[in-house]
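Grab a notebook and your favourite viewer. Below are a few exercises, each followed by a worked solution.

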Amino acid sequence: MPHISVRNLTVAYDGQAILSDVSMDIPDRQITAVVGPSGCGKTTFLRCMNRLIDMTNGARVTGQVLIDGEDILAPDADLISLRKKMGLLSQKPQALPMSIYDNVAYGPRLHGLRDRKQLDALVERYLRMSSIWEEVKDRLHTPASRLSVGQQQRLCLSRGLAVEPEVLLCDEPTASLDPVSAQRIEQRFTELKQDYSIVLVTHILRQARRLADYIVFFYMGELVEHGPADQLLNDPRDDRTKAYLSGTIS
């Protein structure tokens, strides 16, 4: 069974449908790119996967999002356990107002880890995984706010990995970065997919072509089609997908 299965997911804001009857499986240990025109429901789809949709006033959600067979939309779902499985990387870096070290250690501490040696090893491990260790190893206890935007995004990736999730949810994670920083993040994704399932919302079709193993295409709240990247990008079945890939709709 895949980590994530979506069944009949429908989302409305104040009665206006944003997603309509979405059903699909997210492949394990692949990069799944979620694409489509602005306002088509991409970010809403992502926010359903870790229940951040709950923070949207007026949102009404029906259907199921199954994580390892458990419906996370159920009223009695364990949200702490859920969010430990789902790392999140947002469009703009959200470094916590604390030191570089404490940003990475925050999640493990929240889940009960207190041993300093274990925390030291964990912080180094995940900063290395995000390719920022060499840049910050001599200033771990300085404020994260002093890092560049690109460095803060890699720090946020380290923080997301530190809770040892099964899935990385990425909402346009390179949109606010310079080309060099964006390339570094993309390189990490291609390495991390060996161990994690990555769901990447992107408005950059070139990025989807570079990175994706699997493509999900939304249009006006509808899941139009999804499938292996080579197949969908080179031989789409639906005219709306063809129009999007050709740049006719954006």
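For the charge count used here, Lys and Arg are positive and Asp and Glu are negative, while His and the chain ends are left out. Keep in mind that this is a predicted model.

**Exercise 1. Work out how many charged side chains of each sign the protein chain has, and how far apart the centres of the two sets lie.**

Step one, the counts: the protein chain carries 30 positive side chains and 32 negative ones. Step two, the centres: the positive and negative sets are centred 6 Å apart.

**Exercise 2. Decide how the compactness of the protein chain stands against the globule rule.**

Start with the inventory: the protein chain has 10 helices and 10 strands. Its radius of gyration is 18 Å, close to the 18 Å expected from the globule rule for 250 residues, so the chain is as compact as a globular protein of that length. For the extents, take the C-alpha trace, which spans about 55 × 40 × 35 Å along its principal axes.

Now look inside and out. Of the 250 residues, 50% are buried. Among contacts with a separation of 6 or more, 65% come from residues 24 or more positions apart. On the outside, about 11,900 Å² is exposed, with carbon and sulfur atoms supplying 46% of that area.

**Exercise 3. Find the aromatic pairs and classify their geometry.**

You should end up with two pairs. Take F45 and F218: their ring centres are 5.2 Å apart and their planes meet at 55°, so this pair is tilted. The cut-offs behind that label are under 30 degrees for stacked and over 60 for edge-to-face, with tilted for the rest. Next, place the partners: F45 is in helix 1 (residues 42-48) and F218 in strand 9 (residues 214-219), so to speak a link between distant parts of the chain, 173 residues apart. Then check burial: F45 has 1% relative accessibility and counts as buried, and F218 is buried too at 0%.

Repeat for F217 and Y244. The centres of these rings are 5.2 Å apart and the planes are at 35°, so this pair is tilted as well. Here F217 of strand 9 is linked to Y244 of helix 10 (residues 239-245), 27 residues along the chain. F217 is buried with a relative accessible area of 1%, and Y244 is buried with 6%.

**Exercise 4. Which residues of helix 3 are buried, and which helices do they pack against?**

List the buried residues of helix 3 (residues 100-110): I100, Y101, N103, V104, A105, G107 and P108. Then look for their partners, and you get helix 4 (116-129), helix 5 (133-136) and helix 6 (149-162). Finish just past the end of helix 3, where G112 has a positive phi of about 105°.

**Exercise 5. Locate N8 and R29, two residues that have a positive phi without being glycine, and say how exposed each one is.**

Some background helps: most residues other than glycine have a negative phi.

Step one is N8, with a phi of about 55°. N8 sits in strand 1 (residues 4-13). Its relative accessibility is 44%, so N8 counts as partly exposed.

Step two is R29, with a phi of about 50°. R29 lies in the loop between strand 2 (16-26) and strand 3 (31-35). The relative accessibility of R29 is 53%, so R29 counts as exposed. The cut-off that matters is 50%: exposed means over that value.

Key: Residues are numbered from 1 along each chain as its sequence is written. This is a predicted model: local features need pLDDT of at least 70, side-chain atom pairs count only at pLDDT 80 or more; totals for chains, interfaces and linings use all residues. Side-chain values use heavy atoms; hydrogens and water are left out. Helices (H or I, at least four residues) and strands (E, at least two) are DSSP runs, numbered from the N terminus. Buried means under 20% relative accessible area, exposed over 50%, partly exposed in between (1.4 Å probe, protein chains only). The radius of gyration is taken over C-alpha atoms; the globule rule is 2.2 Å times the number of residues to the power 0.38. Contact means heavy atoms within 4.5 Å. Accessible areas come from the Shrake-Rupley method with a 1.4 Å probe; for residues, only the protein chains shown count as cover. The place of a charge is taken as NZ of Lys, CZ of Arg, CG of Asp or CD of Glu. Rings of Phe, Tyr and Trp (its six-membered ring) pair if their centres lie within 6.5 Å; planes under 30 degrees apart count as stacked, over 60 as edge-to-face and the rest as tilted.
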